[in-house]
Amino acid sequence: MGVEAIVALTYSRLAANQINGEFEAKDKQIEKYVKVVRRLVEPLKEFTIRQIPSGENRRADDFRKLASTCFDHLSKKVLVEVLKERSIDERRVHTLAPAKHTWMTPIVEYLQHGILPDDHEEAKRVRIKAPMYAIMDGVLYRKGFMSPWLKCVEEAKGKEALREAHAIPASAHEEARALIGKIL
C-alpha cells in the first residue's frame with residue numbers, strides 16, 4: 001500500500017525489546033514471531049516499536065483485562081476469536097492458478113493500458129467502474145466505503161475464502177456483516 005514508516009505501540013515491554021534487539025528471544029516460537037516481524041518491516045524506510053506503560057494507554061489496558069477474563073458473561077455483540085493453533089506455524093498452502101480471463105481482466109487492461117472491450121455496452125460499464133479501482137504492485141484493489149482498499153480476487157479464491165470463513169466454528173448464528181468482517 002506504499003507505507004514507508006510505521007510507529008508501533010505495544011503494551012508488552014518484552015515484545016518491544018525483543019523486536020528492537022535489546023532482549024533475546026529464548027523461546028523457539030517467540031523467536032519465529034520476532035523473525036517474521038523483522039522480515040515484514042525490513043522494506044520500510046523507518047520502523048519504530050515502543051512499549052506504552054499501562055497507565056498511559058487505557059485502550060491497551062482494557063484489552064489486557066479482556067484477554068485475562070472469562071468470556072461467558074460478554075454479550076453476543078462482542079466478537080472474540082480463540083485461536084486453536086499458532087499463526088506462525090508453517091502450513092501447506094494450495095496455490096490457485098489464475099484463470100486467463102476473469103471479471104477483473106477488462107478493468108485491469110483499461111487501467112494499465114487504456115484498452116476497452118469491443119462491445120460498446122461492456123466498454124461503457126468498464127469506464128464507469130474503473131475510477132473505483134486501482135492497481136498497486138500489480139494487484140487490483142477496489143475502494144471500500146467503510147474500509148480500506150479491498151483486494152480483488154478471482155472467483156475460485158473468493159469461494160475458497162467463503163469456505164474457510166464458514167468452516168470456523170461460531171458460538172452463535174452469524175449475520176452477513178460478521179461473515180464479511182471475517183473474510184476481510
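1. A residue is called buried here when its relative accessible area is under 20%. T10 comes in at 18% relative accessibility, so T10 counts as buried. Bear in mind while reading on that this is a predicted model.

2. Staying with T10 for a moment: the residue sits in strand 1, which covers residues 5-10. Leaving aside residues up to four places away in sequence, T10 touches A16, I49, R50, Q51 and I52. The T10 side chain also has a polar atom 3.1 Å from the backbone nitrogen of S12. If you have the model open, that pair is worth a look.

3. Next along the chain is helix 1, residues 13-20, where the buried residues are A16, N17, Q18 and I19. A16 is also one of the residues that T10 touches. What lies over the buried residues of helix 1? The cover includes strand 1, helix 2 (28-41) and strand 2 (46-51). After helix 1 comes G21, with a positive phi near 90 degrees.

4. Now for the sheet further along. Strands 3, 4 and 5 make an open sheet in the order 3-4-5, with antiparallel pairing. Strand 3 (133-136) and strand 5 (150-151) are the edge strands, each with a single partner, so each has one side without a neighbour in the sheet. Between strand 3 and strand 4 (residues 139-142) there are four bridges, and the two strands run antiparallel. In this pairing Y133 is opposite R142 of strand 4.

5. The loop between strand 3 and strand 4 holds D137. Its phi is the thing I would flag: D137 is not a glycine, yet the value is positive, near 55 degrees. Most residues other than glycine have a negative phi. Is D137 buried or exposed? At 76% relative accessibility against a cut-off of over 50%, D137 counts as exposed.

6. Helix 4, residues 105-113, lies across strand 3 and strand 4, and runs at about 70 degrees to strand 3. The largest nonpolar core has five residues: M104, I107, Y133, L140 and C152. Y133, already met opposite R142, is thus listed in that core too.

7. Last, L140, another of the five core residues. Which residues does L140 touch, not counting those up to four places away in sequence? They are M104, I107, V108, L111, Y133, A134, I135, L150, K151 and C152. The other core members, M104, I107, Y133 and C152, are therefore in that contact list, where contact means heavy atoms within 4.5 Å.

Note on methods. Residues numbered from 1 in each chain as written. Predicted model: local features only at pLDDT ≥ 70, side-chain atom pairs only at ≥ 80, totals over all residues. Heavy atoms only, no water. Core = buried A, V, L, I, M, F, W, Y, C linked by side-chain atoms within 4.5 Å. Buried < 20%, exposed > 50% of the residue type's maximum accessible area, 1.4 Å probe, protein only. Pairing = 2+ DSSP bridges. Axes fitted to C-alpha atoms, helices over the stretch in contact; angles between N-to-C directions. Polar contact = N/O pair within 3.5 Å; in protein donor to acceptor, adjacent residues only side chain to side chain.
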